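Work through the exercises below with the sequence and the model side by side. Each task is followed by a solution in steps.

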Amino acid sequence: MLRSPLARLYCQFVFDRPVLVISLLMAVVVFFAWHTQYFRLDASADSLLLENDPDLEFSRQINLRYGVRESVIVAYTPQGELFDPGELSKLARLREALLTIDRVDSVDSILNIPIFGDTPLTGISEDYLTLLDAETDLELARQEIMTSPVFQNALLSPDGQTAGLQVSFEIDQKARDLITRRSALRAQQAMGDISATDSEELNQIENEYAEYSMQAADRQHQIIGKIRSTLDDYRDGAQIYLGGAPMIADDLVTFVQGDLSNFSIAVVLLIIFALGVIFRKLRWVAMPLLCCAVVGTIMVGLLGLMDWRVTVVSSNFISLLLIITISLTVHLTVRYRELLATRHFSDDNRLLRHAVLSMFRPCLYTALTTAVAFGSLLVSGILPIITFGWMMMMGVAVALVVAFTLFPSIMSLLVKDQGKNSSKLRLNLTAALAKVTDRLRFKILMIYTLVLAFSVLGLSMLRVENSFIDYFRESTEIFQGMRLFDERLGGTLSFDVVVDLPVSETAAADGFDDGFDDGFDDGFGDNGTDDAYWFTAPKMQQVKAIHEYLDRDPETGKVLSFGAIVQLAEKLNGNQEVDGFLWAILYNRIPAALMSTVLTPFVSIAENQIRFNVRVIESAPGLNRNELLQRIESGLEREFGFGQDQVRLTGILVMYNNVLQSLFQSQILTLGVVLLAIMLMFLALFRSLSIAVLCIIPNAIAAALVLGIMGWLNIPLDIMTITIAAISVGIGVDNTIHYMHRFRREFPRLGNYRETMFFCHNSIGRAMYFTSMTIVAGFSILALSNFVPTVVFGLLTSLAMLVALTGSLTLLPQLLITFKPLGPEASLKSCS
């Protein structure tokens, strides 16, 4: 047994002063329990973006330039006819109720858009009719809106029965000011040209923005809650759905919080049941749970103290800590019970010390290798993913410390377990796996070769995609709402296409000579005359052509741009093109009420730039957003002769796509590097290159199999499942280290590889089996969640546990038997 000075110091502290150790741990728990009140989930969309992504900075510039505001969309489908005066009156009351909500700036709907009727293009003015005007012919208005290039499939469904209400929020100027100043200071810092004063200001702004973003997220949650409450008052006689990016982000957090509260108790109860079935003793059920409670409290309080916010990506960290802590405590429990069963007359304190000290080295290395696996998340470049990596690395360290202090301290104070600790199990699956391995022999290697081929083929089908609609079951309201928006209102989530138009001399060609001002100065008014020259006929035709090109793509929904205004103008002009002269007049006559909705959000005259807002059909079968974005960008450059610097795509979908591509490269493509690092740790632990290589093989196959099954089942790698690679490796190495450490320890005594395999399967193999079955039993309940990422996490984690267990109890021992890395056998005995 290890008796180094460090081990003696540890024994004197933990075993000789258990009350002191428990008191210190409880003090630490109380301290961190106080800070759990500051633990929060971050619902902001920015929490899932690459902070150093140039597209993020460009998106912020575009939002400032075009006054883009966050908004949600309400889909209103009455049971009666939408254009019935009574239904329109009810819709008007709903609109007015939404406008009374704090921070709601405007609500655009079919009620406040202009009805032109037979008004000619030159007759457009501020004095236009709406649906609420008594002289409006509702049936003609219905037909006009249904065929309007601007409003069809946006504020009114193609069948004229579903109305859309776009609820726009006030611009958060404080947040924009903080981001603008922070970006400027960060740019100075990146160039190394920042003073001490500016550096201090940057730190202050970082802290201020972090705090304000939480306040803004809470406020957004309250606003969406008020909108939903308002909608509930109007659901009688109508089908109403809420959509939009802010609502989806808020619902993601709501679903995660719901799963945490609804399933946490169920998971714990199932784990208690599994531990009870396995150990049949209260103390062996209570010990793992107590250690989990201490580790969980410390980590949650630590995150609250450090103001590290948990996002939807890292929300499962508590579950993973549960796995790691249970694994450590179950291994300690099984080793201690094993000694109790085989050394009846030994002193209980000596057995406890022996059990704990003999398990420390393998547990230490399992903790280190698990930390290395999660350390791969640190290179993602995404703050929540990096934070998740640090959370897990710190959590592993806390779990190790708690398991090796709390467990032995409490056990030192308890009376020796007088119950019968049999080494036999009613359902001894580990022994069964040993017999299977012994019977199949080389066929095991052939089977795993086929498994590897199956996994590689599945990996080739693995795709990177982020479909928010697929996060929810078809029976949920949010899924049904998103599908309705796709089918009737042109989709909800969108991206922007920003085009820098070529500079051309077109004013003269359109008839703007020196005599123009003399004849039409009064028509233009005092402001905007120079801007009017920008609206030339060739330019407007190009804008319309780009709009129609984007609209033709089968995977795009509604396209909002000035190109739709061009189409509407031509329609009002008798289906004739509008010349530059008439465009100049129209520019000065456009109603002020429409200027902020149809012009300024899409046209930047100063920058000679056009913005197209393109919605995506989330429910489109086979939709690949990365391919869609690349196709549109390259298509515009090819079709219209634009240079690469003239067309840029931006918006939330573009930045999420950037996140996914970055994560794929940093996680999947560096998986080999992680496995290499773990193999080097195996080399340091076992001091044998052959053992290190053999140990890494089951882990590599296990990780490949989990990802391969995702490919076969068409489960995409997205923002929620990208961490499964790190989880698979982190879970797998634990079993490998524990098994190999015991095998290497027992082989010199037994002198036979097969005999050693049977012994290890019935000793350390049982601890591995108990741990895996306990976790699988607890996590199986997650399959009942309505939030698909929770279901996928539960099933994939359980799969990773089973694959790692099976590989360590079949492939690893057969590799050891085949290649004999521990040297030749001492005898020819064998077990059959």
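A disulfide is counted where two cysteine sulfur atoms lie within 2.5 Å of each other. The model used here is a predicted one.

**Exercise 1. Cysteines**

Task: Find how many disulfides the whole structure holds, and explain why C363 is not in one.

Solution.
Step 1. Searching the whole structure gives 0 disulfides.
Step 2. C292 is in none, as its nearest cysteine sulfur, in C291, is 7.1 Å away.
Step 3. For C363, the closest cysteine sulfur also belongs to C291, at 12 Å; this is too far for a bond, so C363 is not in a disulfide.
Step 4. Both residues are covered: C292 is buried because its relative accessibility is 12%, and C363 because its relative accessible area is 0%. The cut-off for buried is under 20%.

**Exercise 2. The chain as a whole**

Task: Describe the protein chain by its elements, its box and its surface.

Solution.
Step 1. Count the elements: the chain has 29 helices and 9 strands.
Step 2. Along the principal axes, its C-alpha atoms fill a box of roughly 115 × 60 × 50 Å.
Step 3. Of the 832 residues, 57% are buried.
Step 4. The accessible surface is about 34900 Å², and carbon and sulfur atoms account for 57% of that area.
Step 5. Take the contacts with a separation of 6 or more: 80% of them join residues 24 or more positions apart.

**Exercise 3. Two helices**

Task: State how many residues are buried in α19 and in α12, and look at the ends of α19.

Solution.
Step 1. Helix α19 covers residues 562-572, and 10 of its 11 residues are buried. Among them are F562, I565, V566 and L572.
Step 2. At the start of α19, a side-chain oxygen of S561 comes within 2.9 Å of the backbone nitrogen of G563.
Step 3. Just after the helix, G574 has a positive phi of about 70°.
Step 4. Helix α12, residues 383-413, spans 44 Å from first to last C-alpha, close to the expected 45 Å. In α12, 22 of 31 residues are buried.

**Exercise 4. The surroundings of T162**

Task: Locate T162 and say which side chain it touches through a polar contact.

Solution.
Step 1. T162 sits in the loop between α5 (138-146) and β3 (163-169).
Step 2. T162 counts as buried because its relative accessible area is 0%.
Step 3. Its side chain makes a polar contact of 2.7 Å with the side chain of T77.
Step 4. Beyond neighbours within four places in sequence, T162 is in contact with residues including A75, Y76, L484 and R488.
Step 5. One of these, Y76, belongs to strand β1 (residues 71-78), and Y76 is buried at 0% relative accessibility.

**Exercise 5. Aromatic pairs**

Task: Classify the pairs F255–F787 and F374–F388.

Solution.
Step 1. The whole structure has 25 aromatic pairs.
Step 2. F255 and F787 are 5.7 Å apart centre to centre with 35° between the planes, a tilted pair.
Step 3. This pair links helix α8 to the loop between α28 and α29, across 532 residues.
Step 4. F374 and F388 form an edge-to-face pair, with 6.3 Å between centres and 80° between planes.
Step 5. F374 lies in helix α11 and F388 in helix α12, 14 residues apart. Both F374 and F388 are buried.
Step 6. F255 and F787 also belong to one aromatic cluster with F468, Y471, F472 and Y656.

How values were computed
Residues numbered from 1 in each chain as written. Heavy atoms only, no water. Buried < 20%, exposed > 50% of the residue type's maximum accessible area, 1.4 Å probe, protein only. Helix = DSSP H or I, 4+ residues; strand = E, 2+ residues; numbered from the N terminus. Polar contact = N/O pair within 3.5 Å; in protein donor to acceptor, adjacent residues only side chain to side chain. Expected span 1.5 Å × (residues − 1). Contact = heavy atoms within 4.5 Å. Areas by Shrake-Rupley, 256 points an atom, 1.4 Å probe, with all protein chains shown as cover. Phe/Tyr/Trp six-rings, centres within 6.5 Å; stacked < 30°, edge-to-face > 60°.
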